[in-house]
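Subject: Handover of a structure and notes on its contents

Dear colleague,

Please find below the structure that I am passing on to you. My notes on what was found in it follow directly after.

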Amino acid sequence: MQQLSEYRKAEVNTSDRVKIISMLYDGAINFIRVARKRMELGDIAGKGLYIGKASSVVGELMSSLDMEAGGNISKNLSRLYDFVQDRLITANMKNDERSLNEAEKVLDLLRSAWKELGRDNTVDIPKEAISAGMDLRV
């Protein structure tokens, strides 16, 4: 287990910023999937634990935004992260799997966009994320 921890630490230390953000999306999506399984099993405490972990990751993504340098992209990402946080809170409070699905969908679309950024150095917020209920202007 310690070797895995050291590997992940080394991976983070050598990763570029885009890869780190992609890893954060991976983590948040993984926590949402575990929360969904906990919800299905009726494990309320486990569901809450993993939704909390997903929410913490989204909070880290939000805190990484540079609102001045990022312009409209940062503003739109902030709105999307707010939407995801809202869906996570709703899922936790109402035991609502649909809200978990919506949060996962937005994060998955954003993760795909970041991975594209890693390839061609441009970023477009996916239209699917925008149409997920947020009134965004890109």
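A residue is called buried when its relative accessible area is under 20%, exposed when it is over 50%, and partly exposed in between. This wording will be used throughout, and please keep in mind that the model is a predicted one.

Overall picture

The protein chain contains six helices and zero strands. Read along the sequence, its pattern is therefore α-α-α-α-α-α, a helix being a DSSP run of at least four residues. Of the 138 residues in the chain, 37% are buried. The accessible surface of the chain is about 8400 Å², and carbon and sulfur atoms account for 50% of it. Among contacts with a separation of 6 or more, 61% are between residues 24 or more positions apart.

Salt bridges

Side chains of opposite charge can pair when their charged atoms come close. How many salt bridges does a search of the whole structure find? The search finds nine, and three of them are described here.

The pair Asp-26 and Arg-111 forms a salt bridge whose closest N and O atoms are 2.7 Å apart. This pair links distant parts of the chain, since Asp-26 belongs to helix H2 (residues 17-40) and Arg-111 to helix H5 (residues 97-120), with their positions 85 residues apart. Asp-26 has a relative accessible area of 30%, so this residue is partly exposed. Arg-111, by contrast, has a relative accessibility of 15% and therefore counts as buried.

Glu-97 and Arg-36 form a further salt bridge, with 3.8 Å between the closest N and O atoms. Here too distant parts of the chain are linked: Glu-97 is in helix H5 and Arg-36 in helix H2, 61 residues apart. Is each partner buried or exposed, or something in between? Glu-97 counts as partly exposed because its relative accessibility is 32%, whereas Arg-36 counts as buried because its value is 12%.

The last of these examples joins Arg-38 to Asp-43, with closest N and O atoms 3.3 Å apart. Arg-38 has a relative accessible area of 30%, which means that it is partly exposed. Asp-43 is also partly exposed, at 26% relative accessibility. Elsewhere, Arg-33, Arg-36, Glu-97 and Glu-104 are joined into one network by salt bridges that share partners.

Glu-104, a member of that network, lies in helix H5. With a relative accessibility of 12%, Glu-104 counts as buried. Leaving out residues up to four places away in sequence, Glu-104 touches Ile-29, Ile-32, Arg-33 and Arg-36.

Helix H2

The 24 residues of H2 should span 34 Å at 1.5 Å a residue, and the end C-alpha atoms are 35 Å apart, which agrees. The buried residues of H2 include Val-18, Ile-21, Tyr-25, Ile-29, Ile-32 and Met-39. An α-helix has 3.6 residues a turn, so residues three or four places apart point the same way. After H2 comes Gly-42, which has a positive phi near 75 degrees.

Helix H3

Lys-47 is located in helix H3 (residues 44-63). Is Lys-47 buried or exposed? Its relative accessibility is 3%, so Lys-47 counts as buried. Residues touched by Lys-47, beyond those up to four places away in sequence, are Ala-35, Arg-38, Met-39, Ala-91, Asn-92 and Asn-95. Between Lys-47 and Val-34 there are 7.6 Å in space, C-alpha to C-alpha, and 13 residues in sequence.

Helix H4

What does H4 span between its end C-alpha atoms? The span is only 32 Å, while a straight helix of 28 residues would span 40 Å at 1.5 Å a residue. H4 has a kink of about 75 degrees, centred on Ile-73.

Ser-74 also lies in H4 (residues 67-94). This residue is buried, with a relative accessible area of 6%. Apart from neighbours within four places in sequence, Ser-74 is in contact with Leu-65, Asp-66 and Met-67.

At the N-terminal end of H4, Asp-66 acts as a cap: one of its side-chain oxygens lies 3.2 Å from the backbone nitrogen of Glu-68. Following H4 is Asn-95, with a positive phi near 55 degrees.

Yours sincerely,
A colleague

How values were computed: Residues are numbered from 1 along each chain as its sequence is written. This is a predicted model: local features need pLDDT of at least 70, side-chain atom pairs count only at pLDDT 80 or more; totals for chains, interfaces and linings use all residues. Side-chain values use heavy atoms; hydrogens and water are left out. A salt bridge is a side-chain nitrogen of Lys or Arg within 4 Å of a carboxyl oxygen of Asp or Glu. Helices (H or I, at least four residues) and strands (E, at least two) are DSSP runs, numbered from the N terminus. Buried means under 20% relative accessible area, exposed over 50%, partly exposed in between (1.4 Å probe, protein chains only). Contact means heavy atoms within 4.5 Å. Accessible areas come from the Shrake-Rupley method with a 1.4 Å probe; for residues, only the protein chains shown count as cover. The expected span of a helix is 1.5 Å times one less than its number of residues. The bend at a residue is the angle between axes fitted to the seven residues ending there and the seven starting there. A polar contact is a pair of N or O atoms within 3.5 Å; within protein, one must be able to donate a hydrogen and the other to accept it, and residues adjacent in sequence count only if both atoms are side-chain atoms.
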